[in-house]
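Here is a friendly note to read beside the structure. Take the points in order, and keep the model open as you go.

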Amino acid sequence: MDLHMTELERDIIREILNIGLARAADSFAVIAQEKVLLEVPNLNIVSGSTILEKVSELQQQHVIIQSDIRGDFNGTTLMFFSGQHVQRLSRVCLRMTTSDSVHIDDMQESLLLEISNIITGALVTQLANILKASIYGAPPVHPKGDMTKALQILMSDRPMVQPLIFSVITQFSDKANSVELPLMIFFDRDTFEKILDIIRTYDFMGGQQAD
């Protein structure tokens with residue numbers, strides 16, 4: 001049976017993510033050399049039956065960076081950098097003039113890996129601090145080939161995996177327009193149940209878990 005969140009639980013998780021992203025934005029701004037805003041406007045649990053189609057769609061116009069979450073929680077994160085992100089970050093951080101292509105070289109790959117490490121690392125740290133969990137993010141990688149095939153294996157080997165998908169809106173200080181940076185987090189059922197249980201028993205006024 002699929003797990004479900006109430007609107008309040010959805011808002012709480014989104015706020016936890018936003019707190020983590022605020023810290024990540026400060027570190028990201030050092031690389032981007034200007035003020036950066038990162039925020040989560042939406043958050044949804046996505047069924048395994050629809051996630052493969054979504055990943056396949058995103059992979060066509062994005063560079064995928066993957067990182068595993070280990071420790072008390074068991075999961076995997078996928079971050080999708082658009083051609084616009086690649087073009088802008090290459091110009092600002094690497095002094096490279098490029099097209100908005102998702103075909104990247106070694107320097108661009110290293111840059112995206114570092115940015116992913118900063119952002120996902122901040123999210124994992126915030127989850128650990130607020131949920132009192134011992135977790136850490138594994139070094140990010142740039143998977144080659146069709147990501148949907150790897151996810152099909154994940155879904156078949158661990159059918160109770162619950163994908164959690166949200167978009168991070170990235171806004172640079174000198175840009176009037178914003179660029180979405182889709183993020184997906186895959187938690188196994190036990191992890192998702194742990195997170196929801198912690199949220200449901202947390203005393204937000206007293207700042208501790210209720211008895």
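1. The chain contains six helices and eight strands. In sequence order, they run α-β-α-β-β-α-α-β-α-β-β-α-β-β. Please keep in mind that this is a predicted model.

2. Next, the chain as a whole. It has 211 residues, and 50% of them count as buried. Among contacts with a separation of 6 or more, 70% are made by residues 24 or more positions apart. About 10,700 Å² of the chain is exposed, with carbon and sulfur atoms supplying 50% of that area.

3. How many salt bridges does the structure hold? There are five. Side chains of opposite charge can pair when their charged atoms come close. Three of these pairs are worth a visit, and they follow in the next points.

4. Start with Arg10 and Glu7, whose closest N and O atoms are 3.6 Å apart. This distance counts as a salt bridge because the cut-off is 4 Å. Both residues belong to helix α1, which covers residues 7–32, and because they are three residues apart, about one helical turn separates them. Are the two partners buried or exposed? Arg10 is buried, since its relative accessible area of 16% falls under the 20% limit. Glu7, in contrast, counts as exposed at 54% relative accessibility, because the limit for that class is over 50%.

5. A second pair within α1 is Asp11 and Arg14, which form a salt bridge with an N to O distance of 2.3 Å. Here too the residues sit three apart in the helix, about one turn. Asp11 is partly exposed, at 34% relative accessibility, while Arg14 counts as buried at 19%.

6. Which residue forms a salt bridge with Glu9? The partner is Arg200, and the closest N and O atoms are 2.6 Å apart. Glu9 lies in helix α1 and Arg200 in helix α6 (residues 189–200), so this pair ties together parts that are 191 residues apart in sequence. Glu9 is buried, with a relative accessible area of 7%. Arg200 is partly exposed, at 49%.

7. Now look at how α1 and α6 meet. Two packed helices are described by the angle between their axes and the distance between the axes. For α1 and α6, the axes come within 11 Å and cross at roughly 100°. That makes α1 roughly perpendicular to α6, because angles from 65 to 115 degrees fall in that class. On the α1 side, the residues that meet α6 are Glu9, Ile12 and Ile13. Their counterparts in α6 are Leu196, Ile199 and Arg200. The salt-bridge partners Glu9 and Arg200 therefore both appear in this set of contacts, joining helices α1 and α6.

8. Finally, turn to helix α3, made up of the 12 residues 83–94. What span should this helix have at 1.5 Å a residue? The expected value is 16 Å, and the end C-alpha atoms are 15 Å apart, which agrees. The buried residues of α3 are Gly83, His85, Val86, Arg88, Leu89, Ser90, Val92 and Cys93. Just after the helix comes Arg95, which has a positive phi, near 55°.

Note on methods. Residues are numbered from 1 along each chain as its sequence is written. This is a predicted model: local features need pLDDT of at least 70, side-chain atom pairs count only at pLDDT 80 or more; totals for chains, interfaces and linings use all residues. Side-chain values use heavy atoms; hydrogens and water are left out. Helices (H or I, at least four residues) and strands (E, at least two) are DSSP runs, numbered from the N terminus. The expected span of a helix is 1.5 Å times one less than its number of residues. Buried means under 20% relative accessible area, exposed over 50%, partly exposed in between (1.4 Å probe, protein chains only). Contact means heavy atoms within 4.5 Å. Accessible areas come from the Shrake-Rupley method with a 1.4 Å probe; for residues, only the protein chains shown count as cover. A salt bridge is a side-chain nitrogen of Lys or Arg within 4 Å of a carboxyl oxygen of Asp or Glu. Axes are lines fitted to C-alpha atoms, for helices over the stretch in contact, and angles run from 0 to 180 degrees between N-to-C directions. Angles under 35 degrees count as roughly parallel, over 145 as roughly antiparallel, 65 to 115 as roughly perpendicular and the rest as oblique.
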